[in-house]
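Let's take a walk through this one together, starting with the backbone and ending with the charged side chains. Keep the viewer open as you read.

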Amino acid sequence: MDKRAAALRAAVIGVGYLGRLHAQKYAALDGVELVAVADADPQRARQVAAELGTRPVDDFRALLDGQIHLASIVVPTEHHYDVARACLEAGVHVLVEKPVTETLAQAQALQALAERRRLTLQVGHLERFNPAFLAAREIVREPLFIESHRLAPFKPRGTDVAVTLDLMIHDIDLILDLVASPVAEVRASGTPVLTDEIDIGNARIEFENGCVANVTASRVSQKAMRKLRIFQPDAYVTVDTLTHRLTVARREPGSGLAEARLPIRVEEQRFDTPDPLAAEIRDFVACVREGRRPAVGGAEGRRALEVALAITQAMGRSRRRAGRMEAG
């Protein structure tokens with residue numbers, strides 16, 4: 001069989017900073033042909049297409065007549081639903097960047113459409129493919145308390161949404177994956193600093209099984225940090241997805257609480273610089289080929305969005321209370 005004929009035909013819709021990276025990964029994959037890149041900015045589409053030896057398209061809908069099998073959707077969040085729905089309705093498998101949509105109703109509609117058409121709907125929660133987190137998943141069993149910090153210097157990209165949907169949603173997704181329990185209560189506070197949206201915020205998520213997560217996100221910090229700390233009965237686990245390190249501290253076997261000092265054994269794993277985006281796209285392509293369910297499908301994307309929206313709403317209530325107190 002001709003290798004080119006057997007290849008899955010892919011496109012990337014939206015080739016700004018992140019979309020261009022998506023296109024590069026597809027172009028480098030065996031068994032995948034990047035047939036086009038689409039962008040509302042024709043010059044940008046032509047530039048990325050020339051770089052990767054593919055075809056530029058101004059309107060992604062021109063590709064939905066059977067030209068492609070799958071697509072990455074990397075457009076602004078406000079357009080996720082319309083673009084993803086059009087692709088799914090045309091029989092195209094979809095990898096849509098996070099957050100999956102603007103509203104829960106939209107997320108539910110996309111999930112139902114993908115299931116009805118038996119198509120892959122994957123959501124781009126990149127940190128799920130970080131090797132430090134994947135290693136931690138093999139260790140974490142009964143988390144009691146989780147603390148996360150995701151801090152970043154200010155960049156204009158992504159500021160069309162609150163920091164909860166821009167950055168915090170990454171850790172929300174990781175925490176929901178680790179804690180096998182429904183959310184019982186959310187409390188949060190946050191404030192704008194450099195934009196009209198919330199730029200820094202903190203949330204306390206309480207789960208029905210008693211686990212508590214304290215989540216902080218900022219896009220106005222001087223230094224970057226991406227750490228997740230998990231406490232469970234036998235261990236303290238630190239996941240650093242920025243430096244790709246996993247640290248596990250455990251009580252030495254045989255040591256008891258009555259002892260004056262508890263011997264602690266600390267183990268650290270360092271992973272080679274990974275490429276989580278390439279891993280995510282390889283997984284997406286494999287799901288399409290094998291007909292299997294993605295690690296972060298529509299249901300997971302919708303659940304992370306639900307909690308992120310609840311936190312954003314709680315932050316809004318907190319700001320309104322503070323405003324009334326100042327006015328009074």
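In which loop does Arg118 lie? Look between helix H5 and strand S6 (121–124), and you'll find Arg118 in the loop there. Bear in mind that this is a predicted model. Arg118 isn't a glycine, yet its phi is positive, at about 55°. Most residues other than glycine have a negative phi, and most peptide bonds are trans. Arg118 counts as exposed because its relative accessible area is 76%.

His244 makes a nice companion case. Its phi is near 60°, again a positive value in a residue other than glycine, and His244 sits in the loop between S12 and strand S13 (245–251). Here the side of the story to check is accessibility: with a relative accessible area of 13%, His244 is buried.

There's also a cis peptide bond to look at. It runs from Lys98 to Pro99, with omega near -10°, and Pro99 belongs to the loop between S5 and H5.

Now step back along the chain to helix H4 (residues 80–89). Seven of its ten residues are buried, so the helix is mostly covered. The buried ones are His80, Tyr81, Val83, Ala84, Ala86, Cys87 and Leu88. What covers them? Among the elements packed over the buried residues of H4 are strand S1 (8–13), strand S4 (70–73), strand S5 (93–97) and helix H5 (104–117). Just after the helix, Gly91 takes a positive phi of about 85°.

Cys87 brings us to the cysteines. How many disulfides does the structure hold? Zero. Cys287 is in no disulfide, and the nearest cysteine sulfur, that of Cys87, is 17 Å away. Cys287 is buried, at 0% relative accessibility, and Cys211 is buried too, with a relative accessible area of 2%.

Next, find Ser181 in the loop between helix H7 (163–178) and strand S8 (183–191). Is Ser181 buried or exposed? Its relative accessible area is 7%, so it counts as buried. The Ser181 side chain reaches the backbone nitrogen of Glu208 at 3.4 Å. Leaving aside residues up to four places away in sequence, Ser181 touches Phe207, Glu208, Asn209 and Arg303.

On to the charges: the structure holds 22 salt bridges. One of them joins the side chains of Arg128 and Asp177 at 3.5 Å, N to O. That pair links distant parts of the chain, with Arg128 in the loop between S6 and helix H6 (131–137) and Asp177 in helix H7, 49 residues apart. Arg128 counts as buried at 9% relative accessibility, whereas Asp177 is partly exposed at 22%.

Two other pairs are worth a click. Glu185 and Arg187 meet at 3.6 Å, N to O; Glu185 is partly exposed at 36% relative accessibility, and Arg187 is partly exposed at 43%. Arg265 bridges to Glu267, their closest N and O atoms being 3.1 Å apart, with Arg265 partly exposed at 27% and Glu267 partly exposed at 41%. Salt bridges also link Glu127, Arg150, Asp171 and Arg226 in a network.

Finally, turn to the nonpolar surface. Leu144, Phe145, Phe231 and Tyr236 make a patch of about 330 Å². Tyr236 is part of strand S12 (residues 235–240) and is partly exposed, with a relative accessible area of 32%.

Methods:
Residues are numbered from 1 along each chain as its sequence is written. This is a predicted model: local features need pLDDT of at least 70, side-chain atom pairs count only at pLDDT 80 or more; totals for chains, interfaces and linings use all residues. Side-chain values use heavy atoms; hydrogens and water are left out. Patches are made of residues with over 30% relative accessible area and no salt bridge: like charges are joined within 9 Å, nonpolar side chains (Val, Leu, Ile, Met, Phe, Trp, Tyr) within 5 Å. Accessible areas come from the Shrake-Rupley method with a 1.4 Å probe; for residues, only the protein chains shown count as cover. A salt bridge is a side-chain nitrogen of Lys or Arg within 4 Å of a carboxyl oxygen of Asp or Glu. Helices (H or I, at least four residues) and strands (E, at least two) are DSSP runs, numbered from the N terminus. Buried means under 20% relative accessible area, exposed over 50%, partly exposed in between (1.4 Å probe, protein chains only). A polar contact is a pair of N or O atoms within 3.5 Å; within protein, one must be able to donate a hydrogen and the other to accept it, and residues adjacent in sequence count only if both atoms are side-chain atoms. Contact means heavy atoms within 4.5 Å. A disulfide is a pair of cysteine sulfur atoms within 2.5 Å.
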